[in-house]
Amino acid sequence: MEGAEFALACDVKSEGPFESRGLENGPAVAKWSRNTMQRFNTLADRLRLGQLSQIECGGTLCNAGLATHGGNILCMGWRHDLTLAEVRKKTLKALLQWAS
């Protein structure tokens, strides 16, 4: 997918296996993805915002998009020059392709 730097899919809750492409540090990214989704879900529960489905993160080295489907997380790394709106759109497109 154009603009993608890496992809990682892992279980939401377990520290079990994951699949990744384009990553040297897959275990660390899987742990970060699980922790980030868990923390933001806890915040959404406290604020009574409903179920969290996607997060976009902007950085100087790359952007990331996290999305859940069923009991899994998809973490996509994107070029740093993409806007967060583009990250959101591309992450959703990747999620739809991955989930099908």
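This is a short tour of the structure you have open, one selection at a time. Keep in mind that the model is predicted.

**Stop 1: the sheet**

Start by showing the strands. You should find an open sheet of five of them, in the order β2-β1-β5-β4-β3, with antiparallel pairing. Which strands stand at the edges? Color β2 (18-21) and β3 (54-57): each has a single partner strand, so one side of each is left without a neighbour in the sheet. Look across the sheet and compare neighbouring strands: on average they are turned by 10 degrees against each other, direction ignored.

**Stop 2: walking across the strands**

Begin at the β2 edge. β1 and β2 run antiparallel and are joined by four bridges, and the chain gets from β1 to β2 through a hairpin of six residues. Select C10 and look both ways. Toward β2, the bridge partner of C10 is F18; toward β5, the bridge partner of C10 is I73. That second pair belongs to the antiparallel pairing of β1 and β5, which spans seven bridges.

Now select β5 itself. How many of its eight residues are buried? Six are, and β5 is mostly covered.

Step over to β4. Strand β4 (residues 62-69) and strand β5 (residues 72-79) run antiparallel, with eight bridges between them. Two pairs to click on are C62, which stands opposite R79 in β5, and L66, whose bridge partner in β5 is C75. Follow the chain round the turn as well: β4 and β5 form a hairpin with two residues between them, and G70 in that turn has a positive phi of about 60 degrees.

Finish at the β3 edge. Four bridges join β3 to β4, and the two run antiparallel. Q54 stands opposite A67 in β4. This is another hairpin, with four residues between β3 and β4.

**Stop 3: the helices on the sheet**

Bring the strands and helices up together. Helix α1 (residues 26-46) packs on the sheet and touches β1 (4-11), β2, β3, β4 and β5. Its direction makes about 70 degrees with that of β1. Helix α2 (residues 84-99) packs on the sheet too, touching β1, β3, β4 and β5. The direction of α2 makes about 40 degrees with that of β4.

**Stop 4: T91, from helix to sheet**

Zoom in on T91, which lies in helix α2. Is T91 buried or exposed? T91 counts as buried because its relative accessibility is 0%, and buried means under 20%. Show what surrounds it: leaving aside residues up to four places away in sequence, T91 touches Q54, G65, L66, A67, M76 and W78. You have already met Q54 and A67 as an opposite pair.

**Stop 5: H69 and its neighbours**

Next, select H69 in strand β4. With a relative accessible area of 41%, H69 is partly exposed. Which residues does H69 touch, not counting those up to four places away in sequence? The answer is L95, W98 and A99. Try the distance tool on H69 and W98: their C-alpha atoms are separated by 9.4 Å, while the two residues are 29 residues apart along the chain.

**Stop 6: the largest pocket**

Keep W98 on screen and add the other residues that line the largest pocket: A7, L8, A9, E19, S20, R21, L74, M76, A94 and Q97. The pocket has a volume of about 170 Å³. Where does its lining come from? β1, β2, β5 and α2 each supply at least two residues. Color the lining by class and you get seven nonpolar, two polar and two charged residues. M76 deserves a second click: M76 is part of this lining and also one of the residues that T91 touches.

**Stop 7: R48 in a loop**

End at R48, in the loop between α1 and β3. R48 is exposed, with a relative accessible area of 77%. Check its backbone: R48 has a positive phi of about 55 degrees although it is not a glycine. Most residues other than glycine have a negative phi.

Notes:
Residues are numbered from 1 along each chain as its sequence is written. This is a predicted model: local features need pLDDT of at least 70, side-chain atom pairs count only at pLDDT 80 or more; totals for chains, interfaces and linings use all residues. Side-chain values use heavy atoms; hydrogens and water are left out. Two strands pair if DSSP finds at least two bridges between them. Axes are lines fitted to C-alpha atoms, for helices over the stretch in contact, and angles run from 0 to 180 degrees between N-to-C directions. Contact means heavy atoms within 4.5 Å. On a 1 Å grid over the protein atoms alone, a cavity is a set of points where a 1.4 Å probe fits but cannot get out, and a pocket is an open set with protein on both sides within 12 Å along at least five of seven lines; lining residues have an atom within 4 Å of a point. Grid points are joined across faces, edges and corners, and a volume is the space filled by probe spheres set on the points. Ala, Val, Leu, Ile, Met, Phe, Trp, Tyr, Cys and Pro count as nonpolar, Asp, Glu, Lys and Arg as charged, and the others, Gly among them, as polar. Buried means under 20% relative accessible area, exposed over 50%, partly exposed in between (1.4 Å probe, protein chains only).
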